[in-house]
Amino acid sequence: NLFGHCLGGTISAVYSSLNPDKINSLLLLTTPIDFEHSGKLGQWARQEQFKPEIITKAYGQMPWWILQSSFQMLKPMLPWHKIEKLIKEYKNPEFIKNFWALEIWSQDNISFPGGCFVTIIDELYKKNSLIKGELIVNGKAILLNQIKGPVLNIAAADDHIVLFKSTLQTYHLEPETTLMSVTSQGGHIGSFLGTKAQKNLWPQITEWLSSVEIGK
């Protein structure tokens, strides 16, 4: 049972396409698949003047602080809104616990392997080759309709990084492949780390995983 979040989900979908017999089920959490609908990140990545190979050649990788600043530019006022909310709720221990959980998650970054980053920008964001069946891995074309078994796709209602239209849809798969879609309240991270997610989303995930294990 393979579980991938964000770009990890994209890689998990690629692996599932290449190795359908090894996968009992696939769970995708806020995962981009169709990069035509990649929002502002896609618009920036497709600009002619954006040449990631220059950055990766200089640093040997894509530095985490460049990636982080890119995400922050999507909502430049968000840090100030967070501070405002923190000031209002600083006496609420439950809020503080969840606030720091989200902050630790979102600020704990590592740099991205240079060659992999350049390939992702070129093949996914610029060419959208995954959805077109033109992405080649180890000499094989990645075809999403090769994914078998039950698939759970979780999208976030207020996700400004992975838009709903960019996630896996029924028409990407063969009719016999079961796809269940769930929309969680919140953003790209809060949708699965927030208080509502702990009460609503994770019990659904647990129930779904239990059902696919029984059906194995």
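Which unit do strand 1, helix 1 and strand 2 make? Select strand 1, helix 1 (residues 7–18) and strand 2, and you have a right-handed β-α-β unit on screen. Right-handed here means that, with the strands pointing away from you, the path from the first strand over the helix to the second runs clockwise. Helices (H or I, at least four residues) and strands (E, at least two) are DSSP runs, numbered from the N terminus.

Before going on, a word on what you are viewing. This is a predicted model, where local features need pLDDT of at least 70, side-chain atom pairs count only at pLDDT 80 or more, and totals for chains, interfaces and linings use all residues. Residues are numbered from 1 along each chain as its sequence is written, and side-chain values use heavy atoms, with hydrogens and water left out.

**Stop 1: strand 2 and its neighbours**

Keep strand 2 (residues 26–29) selected and show its side chains. L26 and L28 point one way, L27 and L29 point the other way, and all are buried. Buried means under 20% relative accessible area, exposed means over 50%, and partly exposed is in between (1.4 Å probe, protein chains only). In a regular strand the side chains alternate between the two faces of the sheet.

Now add strand 1 (residues 2–5), which pairs with strand 2 in the parallel sense over 4 bridges; two strands count as paired if DSSP finds at least two bridges between them. Click L2 and you'll find its bridge partner, L26, in strand 2. Then bring in strand 7 (residues 151–156), another parallel partner of strand 2, also over 4 bridges. Here L27 is matched with L152.

**Stop 2: a loop residue**

Move on to I33, in the loop between strand 2 and helix 2. I33 counts as buried because its relative accessibility is 0%. Try a distance from I33 to F99: their C-alpha atoms are separated by 29 Å, and the two residues are 66 apart along the chain.

**Stop 3: the core**

Select Y125, L130, I147 and L168. Of the 29 residues in the largest nonpolar core, these touch the most other members. Such a core is a set of buried Ala, Val, Leu, Ile, Met, Phe, Trp, Tyr and Cys residues joined through side-chain atoms within 4.5 Å. Helix 7 (114–126) gives this core its largest share, 5 residues.

**Stop 4: charged pairs**

Next, look for salt bridges (a side-chain nitrogen of Lys or Arg within 4 Å of a carboxyl oxygen of Asp or Glu). By this rule there are 5. Start with K82 and E103, whose side chains meet at 2.7 Å, N to O. This pair links distant parts of the chain, with K82 in helix 5 and E103 in helix 6 (residues 93–107), 21 residues apart. K82 is partly exposed at 26% relative accessibility, whereas E103 is buried at 16%.

Stay on helix 6 for E94 and K97, whose closest N and O atoms are 3.6 Å apart. They sit 3 residues apart in the helix, so about one helical turn separates them.

Then pick E123 and K127, another salt bridge at 3.6 Å, N to O. Salt bridges with shared partners join D122, E123 and K127 into one network.

**Stop 5: a patch on the surface**

Finish with M77, W80, I83 and I87, a nonpolar surface patch with about 450 Å² of accessible area together. M77 is in the loop between helix 4 (64–74) and helix 5 (78–89). At a relative accessible area of 47%, M77 is partly exposed. Patches are made of residues with over 30% relative accessible area and no salt bridge: like charges are joined within 9 Å, nonpolar side chains (Val, Leu, Ile, Met, Phe, Trp, Tyr) within 5 Å. The areas come from the Shrake-Rupley method with a 1.4 Å probe, and for residues only the protein chains shown count as cover.
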